[in-house]
Amino acid sequence: MYNIKINQFEGPFDLLVYLIEQARMNIYDISISEITEQYIDKIKKLQELDIEITSDFIVLASNLIQIKSKMLLPRLSPDESEFLYEDPRKDLVERLIEYKTFKNATAHLSDLENESLKIHKKPKSDISTYTNNPDETLNLSIEEFISAFYKFITKKEKTKEIKDRYEHIPRNRISDSQRLEQIKDLFKEIGFEKLPFSKTIFDKEDNYDIALSFVTILELVKQNKLTAEQQSLFDEIFLQQKKEV
């Protein structure tokens, strides 16, 4: 399974984080009863709008209900001599923190991309005509001077034309959801065989492309959809799709 974007929410955890932040709850002390009701209510409203809800959203709703039940029922020790208390929200909180960490990293990369789009390079001009003979004395007739001035103006206009063309070249960047689909297609072709991480990079000269693949793979590993292994430092990383139980 892969994250499906529903309206402004990219997957169930994005919706849950949104509700927690809207309610101004401490992520380490979530009111499970309140947030579960809000989460289920939000899903129902999306269904009323004829928006298809994926199984990931339903699974998280079930987990929230289960956590809510555990918080209401005390647990006994093996010999039933005393009550035990282990916060059933612990795993959920850890997964939410991981999700926010990766989401913030993705946003930071997006900001860096936007900044890089503001940088434009000017092509190098050929000034050898002026540097090869720096001490040359001008000894021109009026006709030669007019001709030289005309060449100067023509060259200046051409330089401006080239500069304008370079400044307005659009830089198309692939989105994280598109890269996710590309990786998904790769695993459709090979099934459960191992895939080198380098095969998920489509432009090895572009640092943004490399970072986008890396962040996408981390997200899939975090969701327990892929495994990643590396024999030693700086070796190739091999990815493998997990079989659904």
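Modeller: Before we look at the sheet, one rule: two strands pair if DSSP finds at least two bridges between them. Keep in mind as well that this is a predicted model.

Colleague: Fine. How do you know that β6 and β7 are paired?

Modeller: Count the bridges. Four of them join β6 to β7, residues 238-241, and the two strands run antiparallel. The rule asks for at least two, so β6 and β7 count as a pair. One place to look is Leu-226, which stands opposite Gln-241 in β7.

Colleague: And what is the strand order in that open sheet of three?

Modeller: The order is β5-β7-β6, with antiparallel pairing.

Colleague: What makes β5 and β6 edge strands?

Modeller: Each has a single partner strand, so one side of β5 (195-196) and one side of β6 (226-229) has no neighbour in the sheet.

Colleague: Now an arginine. Why is Arg-89 called buried?

Modeller: Its relative accessibility is 9%. The cut-off for buried is under 20%, so Arg-89 qualifies. You'll find Arg-89 in the loop between β4 (83-84) and α4 (90-116).

Colleague: What makes the Arg-89 and Asp-29 side chains a polar contact?

Modeller: The distance is 3.1 Å. The limit is within 3.5 Å for a suitable N or O pair, so this one counts. Leaving out neighbours within four places in sequence, Arg-89 is also in contact with Ile-30, Ile-32, Ile-67 and Met-71.

Colleague: There's another arginine, Arg-24. Why is Arg-24 called exposed?

Modeller: Arg-24 has 78% relative accessibility, and exposed means over 50%, so the label follows. Arg-24 sits in the loop between α1 (12-22) and α2 (32-48). Its phi is near 55°, a positive value in a residue that isn't glycine.

Colleague: What about Phe-234: where does Phe-234 lie, and why is it called exposed?

Modeller: Phe-234 is in the loop between β6 and β7. Its relative accessible area is 77%, and the cut-off is over 50%, so Phe-234 is exposed. Phe-234 has a positive phi too, about 70°, although it is not a glycine.

Colleague: Then Asp-176. Why is Asp-176 called partly exposed?

Modeller: The value is 29%. Buried would need under 20% and exposed over 50%, so Asp-176 falls in between. Asp-176 belongs to helix α7, residues 176-190.

Colleague: Which residues does Asp-176 touch, if you skip those up to four places away in sequence?

Modeller: Asp-176 touches Glu-10, Thr-106, Leu-212 and Thr-216. Take Thr-106: 70 residues separate it from Asp-176 in sequence, yet their C-alpha atoms are 8.6 Å apart.

Colleague: How do you know that Ile-153 can belong to a surface patch?

Modeller: Patch residues need over 30% relative accessible area, and Ile-153 has 31%, so Ile-153 passes that cut-off. Ile-153 is in helix α6, residues 142-167. The patch is nonpolar, covers about 610 Å² and also includes Ile-142, Phe-145, Ile-146, Phe-149 and Phe-152.

Colleague: Last one, the whole chain. How many helices and strands are there, and what share of the residues counts as buried?

Modeller: The chain has eight helices and seven strands, and 25% of its 245 residues count as buried. Its accessible surface is about 18100 Å², with 53% of that belonging to carbon and sulfur atoms. Among contacts with a separation of 6 or more, 61% are between residues 24 or more positions apart.

How values were computed:
Residues numbered from 1 in each chain as written. Predicted model: local features only at pLDDT ≥ 70, side-chain atom pairs only at ≥ 80, totals over all residues. Heavy atoms only, no water. Helix = DSSP H or I, 4+ residues; strand = E, 2+ residues; numbered from the N terminus. Buried < 20%, exposed > 50% of the residue type's maximum accessible area, 1.4 Å probe, protein only. Polar contact = N/O pair within 3.5 Å; in protein donor to acceptor, adjacent residues only side chain to side chain. Contact = heavy atoms within 4.5 Å. Patch = residues over 30% accessible without salt bridge, like charges linked within 9 Å, V, L, I, M, F, W, Y side chains within 5 Å. Areas by Shrake-Rupley, 256 points an atom, 1.4 Å probe, with all protein chains shown as cover. Salt bridge = Lys/Arg side-chain N within 4 Å of Asp/Glu carboxyl O.
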